Amino acid sequence: MMEVIFLYLAVVCVVCAVLTVSLKHPVYNVMALLTMFFHVAGLYVLLNAEFLAVVQIIVYAGAILVLYLFVLMLLNLKAETRHLHRQWPFGVLVLGSVAAMIIGALQGGIFGSATGEYTAEAVRAIGDTEAIGLRLYTDYLLPFEVASLVLLVAMIGAIVLTKKGMIDDHVED
Amino acid sequence: MVPLSAYVILSAIIFFIGVVGVVTRRSIIVILLSIELMLNAVNINFVAFSHYLESITGQVFVFFTLTVAAAEVAVGLALLIAIYRNRQTVNVEELDVMKW
């Protein structure tokens with residue numbers, strides 16, 4: 001049963017990822033990515049990470065993709081007539097080398113079977129959310145605070161970049 | 001039981017598709033969406049290893065990836081609006097000068 005669900009989620013993820021990079025109209029790209037995010041959330045549920053599945057839907061689908069759609073509506077972009085970059089053969093060459101590297105790494109890789117303290121039963125006993133919270137607010141407190149700083153800088157940066165007159169506007173009219 | 005390698009291969013495939021999007025498409029929007037694809041591929045790997053190695057740390061790291069993704073989208077889309085306001089285009093082929 002797990003295999004069937006995984007196969008379904010994996011196939012939809014790959015198909016939607018291909019559609020995301022291949023469709024011509026930007027709104028369709030975002031919609032394909034939205035479908036993929038929902039199925040990635042399904043994969044998280046399959047891996048006993050219910051909290052992350054919910055966060056995936058709320059943050060990625062609810063916040064990030066809505067932001068994309070807002071900007072798309074704001075700019076009112078048309079479907080492109082020619083959507084590939086003129087240097088795309090060079091891009092495929094880059095992809096080939098990256099693919100060769102990753103496939104090489106996968107072949108040599110030994111996926112360790114080391115077991116930690118958080119077995120599926122242990123996580124289920126204390127709850128996924130609580131297990132993550134315990135780790136996040138003790139061992140990873142400093143990175144957590146740094147992450148909040150990153151978000152603050154991004155917020156200020158977005159305001160500065162989009163505010164009229166903050167950077168030189170050379171509108172050719 | 002689904003083996004760990006199945007998740008790793010799925011994540012690698014999605015990552016490749018993201019790289020293809022970044023290097024072959026002309027629209028900045030699709031390039032940003034492809035970066036989201038790659039970040040999601042990494043997240044799948046983190047969660048899969050977290051589950052199979054029975055350590056919760058992988059799931060904690062997904063949060064930091066999520067934070068970086070949110071920051072990247074905010075700044076990326078702000079840049080996109082600034083570029084569109086100045087050049088009336090979101091096509092990377094036409095954005096080939098350092099100063100104008």
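Which residues does A:Ala158 touch, not counting residues up to four places away in sequence? In this predicted model, the residues touched by A:Ala158 are B:Ala74, B:Val75 and B:Ala78. A:Ala158 is found in helix H7 of chain A. The residue is buried, with 20 other C-beta atoms within 10 Å; because a residue counts as buried at 20 or more such atoms, A:Ala158 meets that limit. A:Leu93 lies 65 residues from A:Ala158 in sequence, and the two C-alpha atoms are 34 Å apart in space.

## Chain A

The secondary structure of chain A consists of seven helices and zero strands, which along the sequence gives the pattern α-α-α-α-α-α-α. Of the 173 residues in chain A, 21% are buried. Among contacts in this chain between residues at least 6 apart in sequence, 51% connect residues at least 24 apart.

Two domains are assigned in chain A: domain 1 spans 1-78 and domain 2 spans 117-165. Their C-alpha centres are 21 Å apart. Direct contact between the domains involves four residues of domain 1 and five residues of domain 2. On the domain 1 side, the touching residues comprise two nonpolar, one polar and one charged.

## The contact between the chains

Chain A contributes 69 residues to the contact with chain B, and chain B contributes 63. On the chain B side, helix H1 (4-24), helix H2 (28-52) and helix H3 (57-87) each supply at least two residues. H3(B) gives the most, with 24 residues. The chain B side is made up of 45 nonpolar, twelve polar and six charged residues.

Two helices of chain A that pack against H3(B) are set out below.

| Helix pair | Angle between axes | Distance between axes |
|---|---|---|
| H7(A) and H3(B) | about 10° | 8 Å |
| H3(A) and H3(B) | roughly 5° | within 11 Å |

The angle in the first pair makes H7(A), residues 141-162, roughly parallel to H3(B). H3(A), residues 50-75, is likewise roughly parallel to H3(B).

In the pairing of H7(A) with H3(B), the chain A residues include A:Pro143, A:Val150, A:Leu151, A:Met155, A:Ala158 and A:Leu161. Among their counterparts in H3(B) are B:Phe64, B:Val68, B:Ala74, B:Val75, B:Ala78 and B:Ile81. The residues of this contact divide into 18 nonpolar, three polar and no charged.

In the pairing of H3(A) with H3(B), the contact is made by residues including A:Leu52, A:Val59, A:Ile64, A:Leu67 and A:Leu75 of H3(A). From H3(B), the participants include B:Gln59, B:Leu66, B:Val73, B:Leu80 and B:Tyr84. By class, this contact has 17 nonpolar, one polar and no charged residues. B:Ala70 and B:Ile81 are listed in the contact with H7(A) and also in the contact with H3(A).

## The largest nonpolar core

In soluble globular proteins, nonpolar side chains tend to be buried together. The largest nonpolar core in this model has 69 residues, and the members that touch the most other members are A:Cys13, A:Met36, A:Val40, A:Tyr44, B:Ile14, B:Ile44 and B:Val47. In chain A, the elements that give two or more residues to this core are helix H1 (2-22), helix H2 (26-46), H3, helix H6 (128-136) and H7, and in chain B they are H1, H2 and H3. H2(B) provides the largest share, 16 residues. Domain 1 and domain 2 of chain A both give residues to this core, so the core lies between them.

A:Cys13 illustrates how members of both chains meet here. Not counting residues up to four places away in sequence, A:Cys13 touches A:Met36, A:His39 and A:Val40 within chain A, together with B:Leu10 and B:Ile14 of chain B.

## Loop residues with positive phi

Each chain has a residue with positive phi in its loop between H2 and H3. In chain A, that loop holds A:Asn48, which has a positive phi of about 60° although it is not a glycine. A:Asn48 is partly exposed, with 19 other C-beta atoms within 10 Å. In chain B, the loop between H2 and H3 contains B:Glu54. This residue, also not a glycine, has a positive phi of about 55°. B:Glu54 is partly exposed, with 18 other C-beta atoms within 10 Å.

Terms used: Residues numbered from 1 in each chain as written. Chains lettered and ligands numbered in written order. Predicted model: local features only at pLDDT ≥ 70, side-chain atom pairs only at ≥ 80, totals over all residues. Domains from an automatic or database assignment. Contact = placed C-beta atoms within 7 Å. Nonpolar A, V, L, I, M, F, W, Y, C, P; charged D, E, K, R; others polar. Helix = DSSP H or I, 4+ residues; strand = E, 2+ residues; numbered from the N terminus. Axes fitted to C-alpha atoms, helices over the stretch in contact; angles between N-to-C directions. Parallel < 35°, antiparallel > 145°, perpendicular 65-115°, else oblique. Core = buried A, V, L, I, M, F, W, Y, C linked by C-beta atoms within 7 Å. Buried ≥ 20, exposed ≤ 12 C-beta atoms within 10 Å, placed from the backbone.
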